[in-house]
Amino acid sequence: MLISIGSKNPAKIAAVEQAFQGYAFEIVPVDTESGVSEQPLTDEETIRGAINRAVSAFDVSGADIGIGLEGGVQKTEHGLFLCNWGALRARGMEPIIAGGARILLPEEIAIQLLAGEELGPVMDKFAKKQNVRKKEGAVGIFTNGKIDRVEMFTHVVKLLLGQYEFKRQSN
Ligand SMILES: O=P(O)(O)OP(=O)(O)OP(=O)(O)OC[C@H]1O[C@@H](n2cnc3c(O)ncnc32)[C@H](O)[C@@H]1O
Ligand SMILES: [Mg+2]
């Protein structure tokens, strides 16, 4: 099975590799436009980014499945939450969508994002690390390493793959 992912981010690629364990598959990471802002600021925008990536990856690669994974934030009355969304595009079905873990971002992070900063660089500065977004992610930093970005997105890809299998069985 050929699986394309609309990103070259190693954390996202690793999540697809983990979720598809048990399948005979090959992964094709492709650079795709998310079609949304670099820093999505709502669930809706983040979902749109995931769908656009899945569809573009599917279209440009001729793969059996296209996967899109997108991180963003969502304002709530409790504060600004990190949100994560995924989409799966396969022949003959509408894109499948699934949401990932959410955690409240510290106020000092939220203020910078709402001022137009991107979470990637903000996290590197906060954690005094390089490329947090390609490793443990904000979720890893703010959960003291209990869950990192790979594990979080692996859960999302499993939700997508499970829905895909269910739909295939139902047809
Ligand atoms: O290469 P791509 O696939 O674009 O991966 P990315 O790390 O840029 O991640 P997203 O585009 O999905 O996320 C949108 C923005 O939010 C940032 N972001 C999202 N989740 C993050 C996390 O857990 N840690 C650090 N930055 C994160 C990311 O750096 C982007 O600036
Ligand atoms: Mg990005």
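**Fold and one lysine in a predicted chain**

Author: In this predicted model, the order of elements along the sequence of the protein chain is β-α-β-α-β-β-β-β-α-α-α-α.

Reader: ok, and how many helices and strands are there in the protein chain?

Author: The protein chain contains 6 helices and 6 strands.

Reader: what radius of gyration does the protein chain have, and what would a compact globule have?

Author: The protein chain has a radius of gyration of 16 Å, which agrees with a compact globule because one with 171 residues would have a value near 16 Å. The C-alpha trace, taken along its principal axes, spans about 50 × 25 × 25 Å.

Reader: what share of the residues count as buried?

Author: Of the 171 residues, 49% count as buried, while the area that the protein chain exposes is about 8600 Å², with carbon and sulfur atoms supplying 50% of it.

Reader: switching to charges, how many positive and negative side chains are there?

Author: There are 19 positive and 22 negative side chains, and the centres of these two sets lie 3 Å apart.

Reader: now Lys 134, where does it lie?

Author: Lys 134 sits in the loop that runs between helix H4 (119–127) and helix H5 (137–142).

Reader: why does Lys 134 count as partly exposed?

Author: Lys 134 counts as partly exposed because its relative accessible area is 32%, and partly exposed covers values between the 20% and 50% cut-offs.

Reader: which residues is Lys 134 in contact with, leaving aside neighbours within four places in sequence?

Author: With those neighbours left aside, Lys 134 is in contact with Asn 9, Pro 10 and Ala 11.

Technical notes
Residues are numbered from 1 along each chain as its sequence is written. Chains are lettered from A and ligands numbered from 1 in the order in which they are written. This is a predicted model: local features need pLDDT of at least 70, side-chain atom pairs count only at pLDDT 80 or more; totals for chains, interfaces and linings use all residues. Side-chain values use heavy atoms; hydrogens and water are left out. Helices (H or I, at least four residues) and strands (E, at least two) are DSSP runs, numbered from the N terminus. The radius of gyration is taken over C-alpha atoms; the globule rule is 2.2 Å times the number of residues to the power 0.38. Buried means under 20% relative accessible area, exposed over 50%, partly exposed in between (1.4 Å probe, protein chains only). Accessible areas come from the Shrake-Rupley method with a 1.4 Å probe; for residues, only the protein chains shown count as cover. Lys and Arg count as positive and Asp and Glu as negative; His and the chain ends are not counted. The place of a charge is taken as NZ of Lys, CZ of Arg, CG of Asp or CD of Glu. Contact means heavy atoms within 4.5 Å.
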